[in-house]
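Student: I would like a close look at one part of this model. Please take the helix packing in one chain, then show me what surrounds it.

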There are 2 protein chains.
Amino acid sequence: MLIGELAEAAGTSTRALRYYETHGLLRAGRSANGYRVYDDAELRVVREIRALLGIGFGIDDIKPFVACLRAGHPSGDVCPDSVAVLRRKIAEVDAGIDRMVEVRDRLRSQLTIAIESRETSCSSKTC
Amino acid sequence: MLIGELAEAAGTSTRALRYYETHGLLRAGRSANGYRVYDDAELRVVREIRALLGIGFGIDDIKPFVACLRAGHPSGDVCPDSVAVLRRKIAEVDAGIDRMVEVRDRLRSQLTIAIESRETSCSSKTC
DNA sequence: GCTTGCCTTGACGTCGGTGGGAAGGTCTAG
DNA sequence: CTAGACCTTCCCACCGACGTCAAGGCAAGC
């Protein structure tokens, strides 16, 4: 499988695949003319990478999952390192949610105050 | 007031103040030697900018609030444009929260599955 | 041989809010 | 006179996951 074929099969770009390779996520052999040649199993790897990226994982977070797949496990989630990353990510997302809720509440109260002061101060003024 | 004084009073850097100016948020006169000279009212403006930046607003989002302050309102929130931005931001944050909650729940179920399959498949294997 | 379409590496642009530093002018105190 | 503490403009670096050329090699059909 060449890089263009893998890219299309995985629904991404050749640029992204080369990027993953330079960051140690993808592996490719080389044909006589220097083209990258991919094993069929790499399609799974690319799908795992993109799924995790889509959730908000960074490249380094994804490495344990890829390693887990390469170790022969049907899912990248089951290895201890992957589980550790999952736990950490859940905590991060929880913290992010807390921050955003706090911001939202602050914005809401600010909006309420703004509307109230408009009603009281603008009823007879140009506002 | 010179830029260093304003920076210290507002708890930020001169670098940031120049950045705000190039993006149309801050106004400064110039003294004979070319130094920026700030009106006392600019301190309020800088505080408004930094408060909104801290909440996650972008430079463009902040412009209506600054304009509102300059129009003489005691708060930057009360003008129609500011209120519109507030509403939009609240919606954005709400959407962000929804996405993160979804991600968190997906991660949680993935974690549960991973732990379960480890328990069943690793009890007698090297895992 | 020529075109078309793959592939290669390499390097720069993106977005936003700065940090850092260069190279230089200015003001004040000792 | 000089030191140092301001100020000025300008430009590079950063983070992350790529997009987008550029310049060129290789394969296949006509």
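Tutor: What follows goes from the chain, to its helix pairs, to its partner chain and the DNA.

This is a predicted model. Start with chain A as a whole. It has 5 helices and 2 strands. Along the sequence, their order is α-α-β-β-α-α-α. How spread out is chain A? Its radius of gyration is 24 Å, while the globule rule gives 14 Å for 127 residues, so chain A is more spread out than a compact globule. The spans of its C-alpha trace tell you about its outline. Along the principal axes they are about 80 × 35 × 20 Å.

Now zoom in on helix α3 of chain A, residues 42-55. We will look at two of its partners. Take α1(A) to begin with, which covers residues 3-10. The axes of these helices come within 10 Å and cross at roughly 50 degrees. Angles from 35 to 65 degrees fall between roughly parallel and roughly perpendicular. That is why α1(A) counts as oblique to α3(A). The crossing is right-handed. Which residues make the contact? From α1(A) come A:L6, A:A9 and A:A10. From α3(A) come A:E42, A:L43, A:V46, A:R47 and A:R50. Sort them by class, and you get 5 nonpolar and 3 charged residues, with no polar ones.

Next, turn to α4(A), residues 59-70. It packs with α3(A) at an angle of about 155 degrees, and the axes are 10 Å apart. An angle over 145 degrees counts as roughly antiparallel. So α3(A) is roughly antiparallel to α4(A). Here, too, the crossing is right-handed. On the α3(A) side, the contact uses A:R44, A:V45, A:E48, A:I49 and A:L52. Facing them in α4(A) are A:I62, A:F65, A:V66 and A:L69. The classes are 7 nonpolar and 2 charged, again with no polar residue.

Step back to the partner chain. Chain A and chain B each put 28 residues into their contact. On the chain B side, helix α5 gives the most, with 24 residues. That helix runs over residues 80-121 of chain B. By class, the chain B side holds 15 nonpolar, 5 polar and 8 charged residues.

Finally, the DNA. Strand C has 18 residues around it. The nearest are A:G4, A:R36, B:S13, B:A16 and B:N33. Three elements give two or more residues each to this surface: α1 and α2 of chain A, and α2 of chain B. The surface has 8 nonpolar, 6 polar and 4 charged residues.

Strand D is surrounded by 17 residues. The closest are A:S13, A:A16, B:L2, B:G4 and B:R36. At least two residues each come from α2 of chain A, and from α1 and α2 of chain B. By class, this surface has 7 nonpolar, 6 polar and 4 charged residues.

Put the helix pairs side by side once more. Helix α3(A) meets α1(A) obliquely. It runs roughly antiparallel to α4(A).

Technical notes:
Residues are numbered from 1 along each chain as its sequence is written. Chains are lettered from A and ligands numbered from 1 in the order in which they are written. This is a predicted model: local features need pLDDT of at least 70, side-chain atom pairs count only at pLDDT 80 or more; totals for chains, interfaces and linings use all residues. Axes are lines fitted to C-alpha atoms, for helices over the stretch in contact, and angles run from 0 to 180 degrees between N-to-C directions. Helices (H or I, at least four residues) and strands (E, at least two) are DSSP runs, numbered from the N terminus. Angles under 35 degrees count as roughly parallel, over 145 as roughly antiparallel, 65 to 115 as roughly perpendicular and the rest as oblique. A crossing is left-handed if the near helix is turned anticlockwise from the far one by less than a right angle, and right-handed if clockwise. Two residues are in contact if their C-beta atoms, placed from the backbone, lie within 7 Å. Ala, Val, Leu, Ile, Met, Phe, Trp, Tyr, Cys and Pro count as nonpolar, Asp, Glu, Lys and Arg as charged, and the others, Gly among them, as polar. A residue is near a molecule or strand if its C-beta atom, placed from the backbone, lies within 6 Å of it. The radius of gyration is taken over C-alpha atoms; the globule rule is 2.2 Å times the number of residues to the power 0.38.
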